[in-house]
Amino acid sequence: MRPLANSLIFRVVAIGLFLMAVALVTRLALLTGTLRESIQELVGTHLLAVATYVAGDIDGKVRVRQRLLEDMAKDMPLDLLQKPRELESWLARHHALVPLFSLGMVVVPVSGHGAIADSPPLAGRRELDFSKRDWFRDARDKTRFVVGKPEIDQLTQKGIIIMAAPIQDKQHRVVAVIYGTTALDTPGFLDLIQNNVIGRTGGYLLISPHDDIFVAATMPKMRLRPLPPPGANRMHDLAMAGYRGTGITVNAFGIEELVAFVSVTAADWFVVARMPSEEAFEPVEKIRDIVRRNGLAISLALAVVFIFVLVLALRPMNHAAREMRRMAVGEIELQRLPVTRGDEIGTMIASFNQLVDRLRLNEASLKERSDALEKALGDLRQSEARMTHMAHHDPLTGLPNRALFEDRLHQALMRAERNDKSAALLFLDLDGFKPVNDHHGHEAGDEVLRQLTARFCENLRRADTVARLGGDEFVVLLADLDDARRNAAIVAAKCLETIAPDFLVGELRLSLGLSIGIAIYPDDAAGAATLLAHADQAMYRAKQNGRGRYEFFRP
């Protein structure tokens, strides 16, 4: 008997298996590279989108606080600097009206020694020396709005951010500095950074490059920690140098990540959205395993076919070979051959027919996987569309949220100024809504808000913008008006009629009221923030005058 190594069948089968292994490895390498590039681009686009949204959210919150401080610095009566008690009352009124700074606002003299007034008062704050604080000197000496370095407050022992603006006299000389303090864990401030994850283990970082510190992070242990030294993270070094975009890097814990960088221009920070590469490329590894297993099975099946073909090739098989050749060159389609004999030729044809069946099964399996991949891509696009909608709409009522409303408000005011028109803003607050939550539960309260939203949408014009600011507070924006006061009064009356019928929640019948404050642009305000504040003031006047009514803003 000839040694196995000298067998022609052995040699051909060995060569065939080697070539199939090379082809399989090559296909895996090409497939893996292509899939990794595609998934990296897709995940990078997703990370950039969520980072842009988070950065825009933080930028907007910083700018709102900037406008508040600059407006207060501009509007503050300078004679109050000599009257600490009256100045404290003035601060308290503004803080109660727009409570953006959770730890209060403080007015510091130009010397920086102590504080003139603060609201709400905090023990020990008026005796502090601010003269050597960087944010105080920048606000005073450079006469500009300043965002201070995030730090641990020595009085409250909380992580805080200080924002300051100079107060100037008529000769544009700085006479004092007003600053506000916001705790990092204040609800609604950095929640998108600190309370959200990306995927299973990804998350966000908020970095202050000029302070060399992590402002906030999804991982609590990284908050207010110093940044890694130069050279420890290549992409971090690029971001510190001004790069904004996506990339792959290895973090300080030795984990490879996909990252995206987006600037927060208002505070000169930037947001990092990050996801471990292992998690992002998990589908690639699954596909590799599927291809590897199927490739091994196909290779083994083909090896068996090769052995039969080589054995039967030693005997006359002209007809079968001719038919196979015609199929190979495309003269006829791939099909089963009839088995007319029970000898070696019949066995060969039967083996060939098995190969045809296997190929058809593989084609069907590949089509199913292709359909599944297309469905997954469709689900991903739907998910992106839902995320875009969620970013601009209230999840409970489906109404525009504060961010979308503020955008529409700015556009409406610019359009009104351009077309010499007016606009009206109605600030609506439910009367008696808190007892609904307290006595019947938040589910009943949520159902009331949904029913109220449906009533508003049915009874107001499509051109009117109805938005939910939060809780039981709503706003209605009326744009492009000629007679703003009359139109606003009509809409306010319609809103009061809309809420008059009882709300049915299961077997409960709930009766609620509505207080409405109205501010007119440009009669009552010259900007969006002031218009909203004046409408809010008018709403509180409506509550003070008996509730269930509407009031126009009066200075």
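## The β13-β14 hairpin

Strands β13 and β14 (residues 473-481) run antiparallel and are joined by 5 bridges. Strands here are DSSP E runs of at least two residues, and helices are H or I runs of at least four, numbered from the N terminus. Two strands pair if DSSP finds at least two bridges between them. Strands of a sheet pair through backbone hydrogen bonds, either parallel or antiparallel.

V466 stands opposite V476 in β14. T465 has L477 of β14 as its bridge partner. The hairpin has 2 residues between its strands, and G471 takes a positive phi near 55 degrees.

This is a predicted model: local features need pLDDT of at least 70, side-chain atom pairs count only at pLDDT 80 or more, and totals for chains, interfaces and linings use all residues. Residues are numbered from 1 along each chain as its sequence is written, and side-chain values use heavy atoms, with hydrogens and water left out.

## The sheet around it

The hairpin belongs to an open sheet of 5 strands, in the order β13-β14-β12-β17-β18, with mixed pairing. β13 (465-470) and β18 (550-552) each have a single partner strand, so one side of each lacks a neighbour in the sheet. From one strand to the next, the twist averages 20 degrees.

Is β13 enclosed or open? It is largely enclosed by the rest of the structure, because 5 of its 6 residues are buried. Buried means under 20% relative accessible area, exposed over 50%, and partly exposed in between (1.4 Å probe, protein chains only).

## Helices on the sheet

Helix α10 (residues 402-419) lies across β12 (422-431), β13, β14 and β17 (513-521), and runs at about 20 degrees to β14. Helix α14 (residues 528-544) touches β12, β13, β14, β17 and β18, and its direction makes about 145 degrees with that of β17. Contact means heavy atoms within 4.5 Å. Axes are lines fitted to C-alpha atoms, for helices over the stretch in contact, and angles run from 0 to 180 degrees between N-to-C directions.

## Unusual backbone spots

Most residues other than glycine have a negative phi, and most peptide bonds are trans. Q157 has a positive phi near 60 degrees. It sits in the loop between β4 (151-152) and β5 (159-168). Q157 is exposed, at 55% relative accessible area. D268 also has a positive phi, about 60 degrees. D268 counts as partly exposed, at 47%.

The peptide bond from Y521 to P522 is cis, with omega near 5 degrees. P522 lies in the loop between β17 and α14. Another cis bond joins S119 and P120, with omega about -10 degrees.
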